[in-house]
Amino acid sequence: MNGFLRVLAVDDEPPALDELAYHLRADPRVARLHTASDATEALRVLRDVDVDVVFLDIRMPGLDGMELARVLRRFARPPAIVFVTAYDDGAVDAFDLGVTDYVRKPVRAERLAESLRRVIGSRVVPTHPAALARAEEDPTIPVELAGTTRMLPRSAVRWVEAQGDYARLYTSDTSHLVRVPLATLAERWADAGFVRIHRSYLVQLRLIAELRLANSGYVVVVDGTELPVSRRHTRELKDKLVRAAKQDWNR
């Protein structure tokens, strides 16, 4: 499957754009590469040609990468989006936008090759409405793992711990620190079943195995780990657990 992807690279810094374009042109899966130095030029390109993926810088003058990505999401056939940035503070917005990948600068050929593999996978996923609905119900969030940005499905997160302006996402076997306040995740993940049990903890409700009284107050048990429940959240948590149990009984 050589030479079949149509790509647009967007960056307001000429050296960064040249480097990105060089690596993309060198990949045999790229059939056609267009470049733009800002969002306005990118929209002019997209008016005239169709592309499969946009490699997009975030911090640009005028319309920035996040704003352009929101515009692209409204296209009848939106391209895949890969953010290419020197910063990690766009993680939560990238998660909300459902981007395919999040690449940190300076870019490396092997990292862009991985991004292209993800783009290809995202474009060949069956477009049956049920499959699309599942993808929307389980969005991903960029996390760092051994120097590489990975896209972690929200369904893999068991609980979240606040660490200042950051949050640590716990999965069944590891954890990831992301630059997203816990309050932001609590608000955005509420519809997915995540509940606040403490000012420092957010938990997936369906994964709570126990709620019990300990010496220092109530705790919940998730994957064998005890997490504290603050007094102000105890009553609401009990009510939610009862409602969840009733829903299970009535199925």
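**Aromatic pairs**

I looked up Trp189 and Phe194 and found both of them buried. The model I am working from is predicted. I then listed the aromatic pairs, and the structure holds 3 of them. I took Trp159 with Tyr170 next: this pair is stacked, with 4.7 Å centre to centre and 15 degrees between the planes. I traced the two residues to strand 8 (residues 159-163) for Trp159 and strand 9 (residues 166-170) for Tyr170, so the pair ties together parts that are 11 residues apart in sequence. I checked the burial of Trp159, and its relative accessibility is 7%, so it counts as buried. I went back to Trp189 and Phe194 for their geometry: they form a tilted aromatic pair, at 4.9 Å centre to centre and with 50 degrees between the planes.

**Val10**

I located Val10 in strand 1. Is Val10 buried or exposed? I read a relative accessibility of 0%, so Val10 counts as buried. I then asked for its contacts, leaving aside neighbours within four places in sequence, and the list includes Leu17, Ala36, Asp38, Ala39 and Ala42. The same list also has Val54, Phe55, Leu56, Asp57 and Met60. I noted the C-alpha separation of Val10 and Ala36 as 4.8 Å, for two residues 26 apart along the chain.

**Helix 2**

I moved on to helix 2 (residues 39-48), where two of the contacts of Val10, Ala39 and Ala42, are buried. Val45 and Leu46 are buried in helix 2 as well. Why do I place these buried residues on the same side of helix 2? They cover an arc of only 115 degrees around the axis, and that puts them on the same side. On the other side of helix 2 I found Arg47 and Asp48 exposed. I looked for what the buried residues pack against, and recorded strand 1 (5-10), strand 2 (30-36) and helix 3 (65-73). At the N-terminal end of helix 2 I found Asp38 as the cap, with a side-chain oxygen 3.2 Å from the backbone nitrogen of Thr40.

**Helix 3**

I repeated the burial check on helix 3 and noted Gly65, Met66, Leu68, Ala69 and Leu72 as buried. Seen down the axis, these buried residues fall within an arc of 160 degrees, so I took them to line one face of helix 3. At the start of helix 3 I found a side-chain oxygen of Asp64 that reaches to within 3.1 Å of the backbone nitrogen of Met66.

**Sheet 13-14-15**

I turned to an open sheet of 3 strands and wrote down its order as 13-14-15, with antiparallel pairing. I noted strand 13 (210-214) and strand 15 (225-228) at the edges; each has a single partner strand, so one side of each is left without a neighbour in the sheet. The twist averages 35 degrees from one strand to the next. How many bridges join strand 14 (residues 217-222) to strand 15? I recorded 4, and the two strands run antiparallel. I looked up two bridge partners in strand 15: Thr225 for Val222, and Glu226 for Val221.

**Backbone exceptions**

I kept a reminder here: most residues other than glycine have a negative phi, and most peptide bonds are trans. I placed Asp223 in the loop between strand 14 and strand 15. That hairpin has 2 residues between the strands. The phi of Asp223 is near 55 degrees, which I noted as a positive value in a residue other than glycine. Its relative accessible area is 41%, so I entered Asp223 as partly exposed. I also found a cis peptide bond joining Lys105 and Pro106, with omega about -5 degrees. I located Pro106 in the loop between strand 5 (101-104) and helix 5 (109-124).

**Ser230**

Last, I looked up Ser230, which sits in the loop between strand 15 and helix 8 (231-249). Its relative accessible area is 16%, and I entered Ser230 as buried. Which side chain does the side chain of Ser230 join in a polar contact of 2.7 Å? I found that of His233. Leaving aside neighbours within four places in sequence, I found Ser230 in contact with Ile197 and His198.

Methods. Residues are numbered from 1 along each chain as its sequence is written. This is a predicted model: local features need pLDDT of at least 70, side-chain atom pairs count only at pLDDT 80 or more; totals for chains, interfaces and linings use all residues. Side-chain values use heavy atoms; hydrogens and water are left out. Buried means under 20% relative accessible area, exposed over 50%, partly exposed in between (1.4 Å probe, protein chains only). The arc is that of the directions from the helix axis to the C-beta atoms. Contact means heavy atoms within 4.5 Å. A polar contact is a pair of N or O atoms within 3.5 Å; within protein, one must be able to donate a hydrogen and the other to accept it, and residues adjacent in sequence count only if both atoms are side-chain atoms. Two strands pair if DSSP finds at least two bridges between them. Axes are lines fitted to C-alpha atoms, for helices over the stretch in contact, and angles run from 0 to 180 degrees between N-to-C directions. Rings of Phe, Tyr and Trp (its six-membered ring) pair if their centres lie within 6.5 Å; planes under 30 degrees apart count as stacked, over 60 as edge-to-face and the rest as tilted.
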